[in-house]
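Q: I should like to learn how to read the features of a protein model, one at a time. Where should a beginner start?

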Amino acid sequence: MLARRAAVIAVAVLLAACSRRPQPLADPALTAEIAGIRAIDNHAHPVRVVSAGEQPDRDFDALPVDNMEPQSDPVGLRPNAPGILEAWHALYGFAGRDLEGGRLTDAQALQQRVEKEKGEQYPTWVLDQIGTAVMLANRVTMGPSIQPPRFRWVPYADALIFPLDNAQLAAANSDRKSFFDLEDVLRRRYLDAVGMKTVPPSLAEYLARVVTPTLERQHSGGAVAEKFEAAYLRSLEFDKVERGAAEAIYARFAAKGPAAEAEYKPLEDFLFRYIATECGWLGMAVHIHTNAGAGGYFHVGGANPLLLESVLNDPDLRQTRFVMLHGGWPFTREITALLTKPNAWLDFSAQDLALEPAALAANLREWLEYVPEKVLFATDAYPYIPEMGWEESGWMAARAGRRALAMALTGMLRSGEITRARASALARMVLRDNARALYALAGGRAAK
Ligand SMILES: [Zn+2]
């Protein structure tokens, strides 16, 4: 009898287990809550609205990545990437069910209709569609349609660390050539703004008349951070270099022409730390690209965030807030270890486009279990390809980033690590509160 009863119970348990539906990867109530939090996007490239007859906006990046040699693109950035149709539908009411035969033209016509109707309010309208309160706009210049309080400026500082003849650095490959050509153009714009045609003959003059005034002009123009795309151009290992050594290199090559990579590097290193120090004094953060790409020649190993360790450990740079963009992919574990540095933060921009939410959720969970106050939501919204402008990529990355956050927090809840209240607090921290604290955006209506 006892044996029979045990067998009945065993069968009942087995049936219950078989009929139980698998738990969703993300808790539905938490997912809904996360969808309702208006975010601060730490890194994106919104495109300015131009009037009829005006040249298309190119200031959305100092180094636009549309002139590189072909590479094997990741799935998430291809013209048929999953999510593009949904983005078109959500943003412009596109009704098509596939991406074949003329769909792009149809979607572009719908997009242009909305842009024309909204005019200069169009970029702000896009933020409203993707649930973003404030977007940090990584752009060379801002413009009438990209303005505070909804957009905050992050200009570029790379052109300032390569002040000399860059011909030898540019000769490495065709992508470096096009990048250095663009940096030379930007440095001429920076020189023009301080009323100079060429760089001065000494480093002291260059710092006093070009570098510091450029940073001050950008700060007074509303910049909250300076961005380095240096990993496109060289490694992230910026050594500590004595000023005298940097002065000698500057004087020698300002007079005599192109420096080889090894001869030039100590000067670049000195200038990087000088700019980072100035940013600390001015109250601007320093944003650094830490991610594989862009392009098939990109030196992935040179973008390892661990190469920044001596910068983060420099006592002179402890007043500067460094934000490692794109979460250091593929070095996501290495970057975790750097979060205990008091001057280090990260965002997960681009990971929410290039990775599946489940893969991003695993990275997020590791960071949130370690130093959650240093983790920032971001999209890297960017006009990647005709099918995916900054609007579509922003929409897709924001959705995937929110999904990944919900999955990471659900996992932590189910394993008993955190309470439901703590899950809500962590969601608000990642989506907005950490960025508000970092950039002192608190109190303003902008961050609501
Ligand atoms: Zn970017």
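**Reading the model: a dialogue**

A: Let us start with the metal site, bearing in mind that this is a predicted model. Along the chain, the donors of the zinc ion follow the spacing H-x1-H-x334-D. H45 sits in the loop between β1 (39–44) and α3 (84–92), while D380 sits in the loop between β8 (375–376) and α16 (390–414), so the pair ties together parts that are 335 residues apart in sequence.

Q: Which atoms are the protein donors of the zinc ion, and how far from it do they lie?

A: A donor is recognised by its distance from the metal, and the cut-off used for zinc is 2.8 Å. Here the protein donors are H43 (NE2), H45 (NE2) and D380 (OD), which lie 2.0 to 2.3 Å from the zinc ion.

Q: Are H45 and D380 buried or exposed?

A: The term depends on a threshold: a residue under 20% relative accessible area counts as buried, and one over 50% as exposed. Both H45 and D380 are buried. For D380, the relative accessible area is 9%.

Q: What is there to notice about the phi angle of D380?

A: One reads the sign of phi together with the residue type. D380 has a phi near 65°, a positive value in a residue other than glycine. A440 also has a positive phi, of about 55°, although it is not a glycine. The two can then be set side by side by their surroundings. D380 is in the loop between β8 and α16 and is buried, whereas A440 is in the segment after α17 (420–438) and is exposed, with a relative accessible area of 65%.

Q: Which peptide bonds are cis, and what is omega there?

A: Omega describes the peptide bond that joins one residue to the next. The bond from P148 to P149 is cis, with omega near 5°. P149 is placed in the loop between β2 (132–138) and β3 (151–154). The bond from W329 to P330 is cis as well, with omega near 5°, and P330 is found in the loop between β6 (322–325) and α13 (332–338).

Q: W329 has now been named. With which residues is N291 in contact, leaving aside its neighbours within four places in sequence?

A: A list of contacts shows which parts of the chain meet around a residue. With those neighbours left aside, N291 is in contact with F298, A303, H326, W329 and A350. N291 itself is in the loop between β5 (285–289) and α12 (309–312). With a relative accessible area of 12%, N291 is buried.

Q: How should I read a helix, taking α16 as the case?

A: One may compare its span with the expected span, and then ask how much of the helix is covered. α16 has 25 residues and reaches 35 Å from its first C-alpha to its last, close to the 36 Å expected at 1.5 Å a residue. Of those 25 residues, 21 are buried, and α16 is thus mostly covered. Just after α16, G416 takes a positive phi of about 75°.

Q: What is the volume of the largest pocket, and which residues lie nearest its centre?

A: A pocket is read by its volume, its lining and the classes of residue in that lining. The largest pocket has a volume of about 900 Å³. Its lining comprises 36 residues, of which Q71, L77, A294, G295 and Y384 lie nearest the centre. Helix α14 (residues 351–354) gives the most to this lining, with three residues. By class, the lining has 18 nonpolar, 11 polar and seven charged residues.

Q: Which element gives the most to the lining of the second largest pocket?

A: The second largest pocket has a volume of about 730 Å³. It is lined by 31 residues, and V47, Q111, E115, G389 and E391 are those nearest its centre. The elements that give two or more residues to this lining are α3, α4 (103–118) and α16. The most comes from α4, with seven residues. By class, the lining has 17 nonpolar, four polar and 10 charged residues.

Q: How many cavities of 30 Å³ or more does the structure hold?

A: A cavity differs from a pocket in that a probe fits inside but cannot get out. The structure holds one cavity of 30 Å³ or more. About 50 Å³ of space lies in the largest cavity. Its lining residues include N173, D175, R176, A294 and F298. By class, this lining has six nonpolar, two polar and two charged residues.

Key
Residues numbered from 1 in each chain as written. Predicted model: local features only at pLDDT ≥ 70, side-chain atom pairs only at ≥ 80, totals over all residues. Heavy atoms only, no water. Donors = N, O, S within 2.8 Å, 3.2 Å for Na, K, Ca; no water. Helix = DSSP H or I, 4+ residues; strand = E, 2+ residues; numbered from the N terminus. Buried < 20%, exposed > 50% of the residue type's maximum accessible area, 1.4 Å probe, protein only. Contact = heavy atoms within 4.5 Å. 1 Å grid on protein atoms, 1.4 Å probe; cavity = no way out; pocket = protein on both sides within 12 Å on 5 of 7 lines; lining within 4 Å. Points joined across faces, edges and corners; volume = space filled by probe spheres on them. Nonpolar A, V, L, I, M, F, W, Y, C, P; charged D, E, K, R; others polar. Expected span 1.5 Å × (residues − 1).
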